[in-house]
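Welcome to a short set of exercises on reading a protein model. Keep the structure open beside you, try each task yourself, and then follow the solution step by step.

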Amino acid sequence: MLLETSSTNNLFALQYLSASTRAGSIRHAGGALEENLSLTPTGGPPGLSRHKITTSSLREHKLHHEPITCLTAYDYATARLVDEAGIEMILVGDSLAQAMLGYENTLSVTMDEMLHHMKAVRRGVKHALLVADMPYGSYQVDPNDGLRNATRFVKEGGAEVVKIEGGEKRVDLIRRIIDAEIPVAGHIGLTPQSVNVMGGYKVQGKDLSGIEQLMRDAVALDRAGVACIVLEGIPREVAAMITAEVGAPTVGIGAGPECDGQVLVFHDILGLTFGPPAKFVRRYGDAAALITNAVQAFRADVKSMQYPSDDESYHLPRETKAGLETVLARKRTMRR
Ligand code: KIV
């Protein structure tokens, strides 16, 4: 079989194979364009496209080489801010295990915990495409569980897409979920739910057999009809090859600039994580310093009795105050 060894020739064979897949995917995107024309603009800051983002909008972004932006969000307030800033895709990632819940890795977070955050985020998002990350154990044990849990994210959490880690080996499940009218985001490369199998958080696809496996995974996901493919922790050259070969938009994290879009963890771009950042993280703000300064200033004001001031206090109405003074004066006289 063409795909069974890791020779460079076979990589070319893969290119040929996936080119035919791509043609099929673009046909789908044609239909999607028509749907988009009927979407109602939802308003918002000038200069930003405030149409509701759908899976078909993502394909249009790819077709028009318009980079897709994606950030994680785990609560109402940040979801609103991220959405209102014009980010196209919001991911309730299982990274909330570490970022929000203080777990060591993503393996412990449960469906119920994910759903709790998902519902809060849903209430804050109007325009972005909302993606729910299927947590470890919610689809690996039994495909029926996978389908049931994907459905829960849509019904209870208001998700528009569910994300599943893994390539070829997840394709049957992904097809079943798509059959149930739920769009799926693939996720290949460094897949954090496989941390124990990978022996750590290691860049994937650094040798020819690794590259070939990634290509096979990407093509399999594309053929299954995924809405997009997250490429995590792979060399930019490999991400570029995959992006050129598949019809589905690729969204990279630590996968270089040739992807169709980029995703980062909200807490990473704001310096709200406590360890040293990964190579690909760019910090756009220091929310940790902002929070620390604000908390320390509050503490100092309370200790020095500068907070609250009279202006920050409620007052009695004038008549009540006069009445109260009369009562207190009478009490003082009686005590004498
Ligand atoms: O859980 C997560 O945050 C992710 C990434 C792709 C950012 O899966």
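**Exercise 1. The surroundings of one core residue**

Which residues does Val162 touch, not counting residues up to four places away in sequence?

*Solution.* Before you start, bear in mind that this is a predicted model.

Step 1. Leave out residues up to four places away in sequence; Val162 then touches Ala132, Met134, Ala150, Phe153, Ile177, Ile182 and Val184.

Step 2. Now put Val162 in its setting. The largest nonpolar core has 70 residues, and Val162 is among those that touch the most other members, together with Met89, Ile90, Val131, Val184, Val226 and Ile229.

Step 3. Ask which element gives this core its largest share. That is helix α9 (residues 208-224), with eight residues.

Step 4. Compare this with a general tendency: in soluble globular proteins, nonpolar side chains tend to be buried together.

**Exercise 2. A helix with a buried face**

Find the buried residues of α6, and work out how they are arranged around the helix.

*Solution.* Step 1. Begin with the length. Helix α6 covers residues 143-155, which is 13 residues, and at 1.5 Å a residue it should span 18 Å. Its end C-alpha atoms are 18 Å apart, so the expected and computed spans agree.

Step 2. List the buried residues of α6: Gly146, Asn149, Ala150 and Phe153. Looking down the axis of α6, you find these buried residues within an arc of 105°, so they line one face of the helix.

Step 3. Turn to the other side of α6, where Asn144 and Lys155 are exposed.

Step 4. Finally, see what the buried residues of α6 pack against: α5 (111-124), β3 (129-133), β4 (161-165) and α7 (171-179).

**Exercise 3. Ala79 and its helix**

Is Ala79 buried or exposed?

*Solution.* Step 1. Locate Ala79: it sits in helix α3 (residues 76-84).

Step 2. Count its neighbours. Ala79 has 28 C-beta neighbours inside 10 Å, and a residue is buried if that count is 20 or more. Ala79 therefore counts as buried.

Step 3. List its contacts. Not counting residues up to four places away in sequence, Ala79 touches Ala73, Ile90, Val121, Gly124 and Val125. The C-alpha atoms of Ala79 and Arg123 are separated by 8.3 Å, although these residues are 44 residues apart along the chain.

Step 4. Widen the view to the whole helix. The buried residues of α3 are Ala79, Val82 and Asp83. Seen down the axis of α3, they fall within an arc of 95°, so they line one face of the helix. Their packing partners are β1 (68-72), β2 (89-92), α5 and α11 (266-269).

Step 5. Look just past the end of α3, where Gly86 takes a positive phi of about 95°.

**Exercise 4. The shell around the ligand**

How do the residues of the shell around the ligand divide into nonpolar, polar and charged?

*Solution.* Step 1. Collect the residues around the ligand: Thr72, Leu91, Gly93, Asp94, Ser95, Asp133, Val230, Glu232, Ile253, Val263 and Val265.

Step 2. Sort them by type. The shell holds five nonpolar, three polar and three charged residues. If you wondered about Gly93, remember that Gly counts as polar here.

**Exercise 5. Unusual backbone angles**

Where is Met305 found, and what is its phi?

*Solution.* Step 1. Recall the general pattern: most residues other than glycine have a negative phi, and most peptide bonds are trans.

Step 2. Check Met305. It lies in the loop between α12 and α13 and has a positive phi of about 55° although it is not a glycine. Met305 is exposed, with 8 other C-beta atoms within 10 Å.

Step 3. Check His65, in the loop between α2 (55-63) and β1. Its phi is near 55°, a positive value in a residue other than glycine. His65 is exposed, with 7 other C-beta atoms within 10 Å.

Step 4. Look for a cis bond. The peptide bond from Tyr307 to Pro308 is cis, with omega near -5°, and Pro308 is in the loop between α12 (287-303) and α13 (318-335).

Methods. Residues numbered from 1 in each chain as written. Predicted model: local features only at pLDDT ≥ 70, side-chain atom pairs only at ≥ 80, totals over all residues. Helix = DSSP H or I, 4+ residues; strand = E, 2+ residues; numbered from the N terminus. Expected span 1.5 Å × (residues − 1). Buried ≥ 20, exposed ≤ 12 C-beta atoms within 10 Å, placed from the backbone. Arc of directions from axis to C-beta. Contact = placed C-beta atoms within 7 Å. Near = placed C-beta within 6 Å. Core = buried A, V, L, I, M, F, W, Y, C linked by C-beta atoms within 7 Å.
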